Amino acid sequence: MSTTDVKWVLVATTDSRPTLVKGSRASRSTISLKLMMAVSGLVFIGFVLSHMYGNLKAFGGEEKFNDYAEHLRTIGEPLLPESGLLWILRLGLIVSLVVHVTSALILARRARAARPVKYAVKKNRHSSISSRTMRWGGVTILVFLVWHLLNFSIGKVNPAGGETDNPYTLMVDTFDLWWMTIIYLVAMTALALHLHHGTWSAAQTLGLTNTAASRTRAKLAGWVLAVVVAGGFSLVPLSVLLGIIEK
Amino acid sequence: MNLTLNIWRQAHQDAAGAMHRYHVTDISEDMSFLEMLDVLNEDLNVKGEDPVAFDHDCREGICGSCDLMIDGQAHGPEVTTTCQLHMRSFTDGQEITIEPWRANAFPVIKDLIVDRSAFDRIIQAGGYVSANTGSAPEANSVPAPRDKAMRAFNVATCIGCGACVAACPNGSASLFLGAKITHLGELPQGQPERYTRVVDMVAQHDHEGFGGCTNIGECSSACPKEIPLDVISQLNADLRTALRQGR
Amino acid sequence: MAGSTLHDGTTPLNSASVQTSDDAHGYYTPGENIVDAAAPTGPIADRWTTRKFENRLVNPANRRKLDVIIVGTGLAGGAAAATMGEAGYNVKSFCYQDSPRRAHSIAAQGGINAAKNYKEDGDSTFRLFYDTVKGGDYRSRESNVYRLAEVSVNIIDQCVAQGVPFARDYGGLLDNRSFGGVQVSRTFYARGQTGQQLLLGAYQAMERQVAAGTVQQFTRHEMLELIVVDGKARGIIARDLVSGEIETHLADAVVLASGGYGNVFFLSTNAMGSNVTATWRAHRKGAYMANPCYTQIHPTCIPVSGEHQSKLTLMSESLRNDGRIWVPKKAEDCEKDPRDIPEEDRDYYLERIYPAFGNLVPRDIASRQAKNVCDEGRGVGPTVGDFRRGVYLDFTDAIARFGDDGIREKYDNLFDMYARITGENPYEVPMRIYPAVHYVMGGLWVDYHLQSNITGLFVTGEANFSDHGANRLGASALMQGLADGYFVLPNTIRDYLADGPFPAVTEEHEAVVAAREQVESRIARFLSINGTRSADSYHKELGQIMWEYCGMERSEPGLRKAIDMIQQLKIDFWTNLKVLGTAESLNQSLEKAGRVADFIELGELMCIDALNRRESCGGHFRAESQTDEGEALRHDEEFAYVAAWEFGGDEGQPVLHKEDLIYTAIEMKQRSYK
Ligand SMILES: Cc1cc2nc3c(=O)[nH]c(=O)nc-3n(C[C@H](O)[C@H](O)[C@H](O)COP(=O)(O)OP(=O)(O)OC[C@H]3O[C@@H](n4cnc5c(N)ncnc54)[C@H](O)[C@@H]3O)c2cc1C
Ligand code: HEM
Ligand code: HEM
Ligand code: SF4
Ligand code: F3S
Ligand code: FES
């Protein structure tokens, strides 16, 4: 290479692509956080669907319901120790929850910082209520979850004061109290809203809604999941309260 | 018609601002919103009060300079730019609140004027095709499928006004970003840099302090050029690909 | 086609003109003729190639040491900044908007010409050249126009490579259409937003250089003075519009790409901030202003609706391809709903007078005829002033042929825009249109290198006078802006910069200090007058004078009257202006005052130029120069020259320098569209 060639390389500006943000990587972007939320959200969707299916066994009576609970603990045996698969699932859920909640927190903080001065008047045009209440909805679900686990899983608290080792009785006792049912129904409303937007949002975040048709489908899926999951969950408490399901 | 205006006044970037009340009379419904403000300013000038500063240039809906939050809606109640909004969209005696775009990345410079140079820097980060002058091949040597070219055109009509940011509850510029990613990503000429472009532009977007997108959709309904939400899906999809490629 | 035969390109086909009339006597001082326009010689097709080769190169290592200031970020300035940056020069780019992307080029709708001959319909570089010279009524320089036609094809290649989304056909190749009365399909377009897409291409290329560090961008900066040191342009004084700070920027060369001054008419299709300040300040420093009276009036704008109107909106001329223009035959029908006026009571006047071209006659003819029918009292729409100023542009036939959807596909955004502005639905009621000032062919005088008579000061795009003669064909300003920015300027300025870097100038140099003080004292003066009227109100008044007397039709008594009125207005302006606020902050009234002050001075010069040019040519009609049938009459033997005006001092008179237009490739012909 002659000396003039060297000089040319030095002044040519377009040989290298300038990067403004040093060390920018796809994995460090807000969109990556969103992708993690979407994936963990999908895990939750899978969980609530199957959990709801399990709950509906209550209509088959005490035995069926408890068998199902028992079955969950014994699948995989003897390959896996007792409750092995359950723990694997639980672990997956815990990790997802940590990821989902942490990402939600980071994104929410970013969003708050992105608009430090609020508008005196602000109207929304076409966005759904569900889309604007994701954060509150998420917190509601989280609070509910803590109570729910104390109630049914970790704590086994029977607010009616009855038996606690029998899942079926525990459940029926709980929902025989009208205020417990209300708590659950409120939580289910939050879940419905969360799923209504969350499903479409996850599809969009995953980049699956590039056409008007796919967007319509994703929105429809949001509606269906919201109604099916929240409706399906609500059937059991309502039926208990109305006396359709009894001890 | 006669109107009452609540207008945000702020002397400069570091000054404290406040809403002020003004009255304008004899406004004809064929006037544009900015012509109505011209009347106010002419009036203030006569009275010896500092006229209200606002950005505007082409006054035909294409330069993207004008940017007012009118009664809580970016560019006001119609789907158009502020300069193309006409007074026939208002009624006699109405009270109208006028504020600047609110976003941390768009600091207020004076009154209703904000600094949108963050958008320039997002483009600088990668919103281009590296094609040096004189190095271009014959234009028809690379055909571009018509439907893709149409989609590219449709989203390339973004005027960089920032209404999407102003309307987004998260202060996100994802629609603006997605429009450019989709425009260049749909054309054969945009392919070589497609995945570095998305990483760099998203990094700059985040760096500027815009919020993350939670797919609320207010942006698209405030966008005077009706850029559809699927550009955000495209943006996410391209980022996901970049992530997979380890960029 | 007669006249399109290639001449040898060396023997003159006309002799220098001799002016016998002297209408502007007493308003100007005659000056020397311009003899050196760096004009190339030889066969026309080789001139540019030869010149590019002759122009000296700048060693790449030296380019970093050369500072170039570019004022303006439209097609001309943006493209130049990108290209000069890529080449490795140190570029400083200025615009008054908050982003380079908002330059007024963004508003161009229709399209851009290029002699690609993709349709194999007989187009060629020579035909584009020929059409452009003829369209400009033989008042442009043939070498410049030929070069423009020649590089037009490279522009399209360049833009496509940048990702400009031009319209394409089903095979994925570029589509083009015929535009504004031209019989070949050579106009490339991106729906009705061609200017926007081209500008974004240039803007993105420029932003890439900003990231690379070769281009520094100064947005919200207004150039207020040119710095001339030892006869060379060496920098500018600019005001930071946010802080109010007066800044000095020094360089080895200055490029003005600051756009057109159509806003001198107050109502025009230009952006609110479009101004003449950059070029006018250079003019006051010695740069010649050429053909200032050449303005183009566009026939398809939305009519004025009332007193407070701040600007006019253009609708693309492409509408004339499918719309039919008419007014009622009888004045008493003018108030009626157009749909109730039967066919036999309508006057499709363009089709009637010009059967061969019909609704597609050139812009100036379409505009003048619209004014004529309105002056006859047959205009439609609201009465503004004394007349109804509007004619119908009717799509009923086209809608019947193509259906609502067919029309929507072609003109969707234009129809929407019309509906939004007027509140009427053009799918149902015929549109109303009226002519408006749209473009100026006049501008700073430049030679073949785009260099003004001030060494080191280059002028590109609409800001110079160069390529369109007395009239501009549709789709050719975009072509010129990009030709200048991407291909011409970078190849001509290097011949000048090859001598650089020039001896350093410091901010303490007396010429720099003087320029700075000039700016500061002018600003102080605006703020201290403390009269009663806003700058805007003066602008409006000036606009009315200009439109009335120096618009579509001009006459000797009218122009004399206008000059008197402007001189009065100028005195009043400097005694009765009111500008509030301070110089040390964002102050839009102050910005406006500076622009209006320059417009007033320019307006006077435009009227003097118009008065001197006692001929009807291109875009303007001179009442004293018409045929028996009332058509425009040109006087080549008197006026085939460029009128380049030198500033004669605040108290003195402008000095007229003439540059003869000699054709070697095309013969001049009176035009006829009948
Ligand atoms: C509505 C409309 C439609 C048009 N349609 C077409 C069409 O279809 N086809 C066609 O060929 N042509 C068309 N034209 C004409 C064409 O768009 C313009 O002539 C061309 O774009 C001018 O480009 P430019 O780069 O010279 O200037 P502009 O794009 O006007 O840019 C001027 C630049 O200079 C800057 N500037 C100005 N003054 C100062 C100052 N004092 N200090 C600092 N910066 C300054 C501005 O900020 C801006 O960046 C149209 C024009 C209009 C108005
Ligand atoms: C069973 C429980 C849950 C399910 C099924 C679920 C599901 C989802 C889904 C699918 C999304 C969309 C992700 C995306 O936009 O790509 C989402 C978003 C969100 N979730 Fe959950 N989630 C659950 C629990 C929670 C909890 C416990 C919290 C918080 C504490 C929470 C907070 C949020 C927030 C704030 C969002 C919106 C933010 C965003 O879209 O970026 N969620 N959720
Ligand atoms: C009305 C609705 C619901 C009913 C009746 C219900 C009932 C139950 C019951 C009976 C159990 C104990 C199962 C066992 O120990 O085997 C349980 C566990 C659990 N439920 Fe629910 N549930 C409901 C809604 C929900 C919702 C909406 C969520 C999540 C957002 C949820 C999350 C869980 C979890 C995480 C466990 C613990 C599982 C484990 O131990 O691993 N439940 N639920
Ligand atoms: S996407 Fe729409 S709202 Fe956002 S900047 Fe572009 S045009 Fe404006
Ligand atoms: S409103 Fe905001 S959250 Fe996303 S979809 Fe639009 S950017
Ligand atoms: S002023 Fe240009 S878009 Fe409104």
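## Contacts of E35(B)

Leaving aside residues up to four places away in sequence, E35(B) touches D30(B) and R59(B) as well as H308(C), Q309(C), S310(C) and K311(C). The model in which these contacts are found is a predicted one. E35(B) itself lies in helix α1 of chain B, which covers residues 33–47.

The charge of E35(B) is not paired in a salt bridge although the residue is buried, and R59(B), the nearest side chain of opposite charge, is 4.8 Å away. That separation falls outside the definition, because a salt bridge requires a side-chain nitrogen of Lys or Arg within 4 Å of a carboxyl oxygen of Asp or Glu. R59(B) nevertheless remains among the residues that E35(B) touches.

## The iron site of ligand 2

The iron atom of ligand 2 is coordinated through the NE2 atoms of H100(A) and H194(A), at 2.0 Å. These two histidines link distant parts of the chain, being 94 residues apart, with H100(A) in helix α4 (residues 84–114) of chain A and H194(A) in helix α8 (residues 178–205) of chain A.

The site of this iron atom has six donor atoms, and with angles of 85 to 179° among them it is octahedral. Both of the coordinating residues, H100(A) and H194(A), are buried.

## The iron site of ligand 3

For the iron atom of ligand 3, coordination comes from NE2 of H51(A) and NE2 of H148(A), at 1.9 to 2.1 Å. This pair, too, links distant parts of the chain: H51(A) belongs to helix α2 (residues 30–55) of chain A and H148(A) to helix α6 (residues 134–153) of chain A, and the two are 97 residues apart.

The arrangement around the iron atom of ligand 3 is octahedral because its six donor atoms subtend angles of 86 to 179°. As for accessibility, H51(A) counts as partly exposed because its relative accessibility is 26%, whereas H148(A), with a relative accessible area of 13%, is buried.

## Cysteines

Over all chains, a search of the whole structure finds zero disulfides. In chain C, the cysteine sulfur closest to that of C550(C) belongs to C607(C) and is 4.2 Å away, which is too far for a bond; a disulfide would need the two sulfur atoms within 2.5 Å.

C550(C) is buried, its relative accessible area being 0%. In chain B, C219(B) also counts as buried, at 8% relative accessibility.

Notes:
Residues numbered from 1 in each chain as written. Chains lettered and ligands numbered in written order. Predicted model: local features only at pLDDT ≥ 70, side-chain atom pairs only at ≥ 80, totals over all residues. Heavy atoms only, no water. Helix = DSSP H or I, 4+ residues; strand = E, 2+ residues; numbered from the N terminus. Buried < 20%, exposed > 50% of the residue type's maximum accessible area, 1.4 Å probe, protein only. Lys, Arg positive; Asp, Glu negative; His and termini not counted. Contact = heavy atoms within 4.5 Å. Donors = N, O, S within 2.8 Å, 3.2 Å for Na, K, Ca; no water. Tetrahedral: all angles 85-135°; square planar, octahedral: opposite > 155°, others 65-115°.
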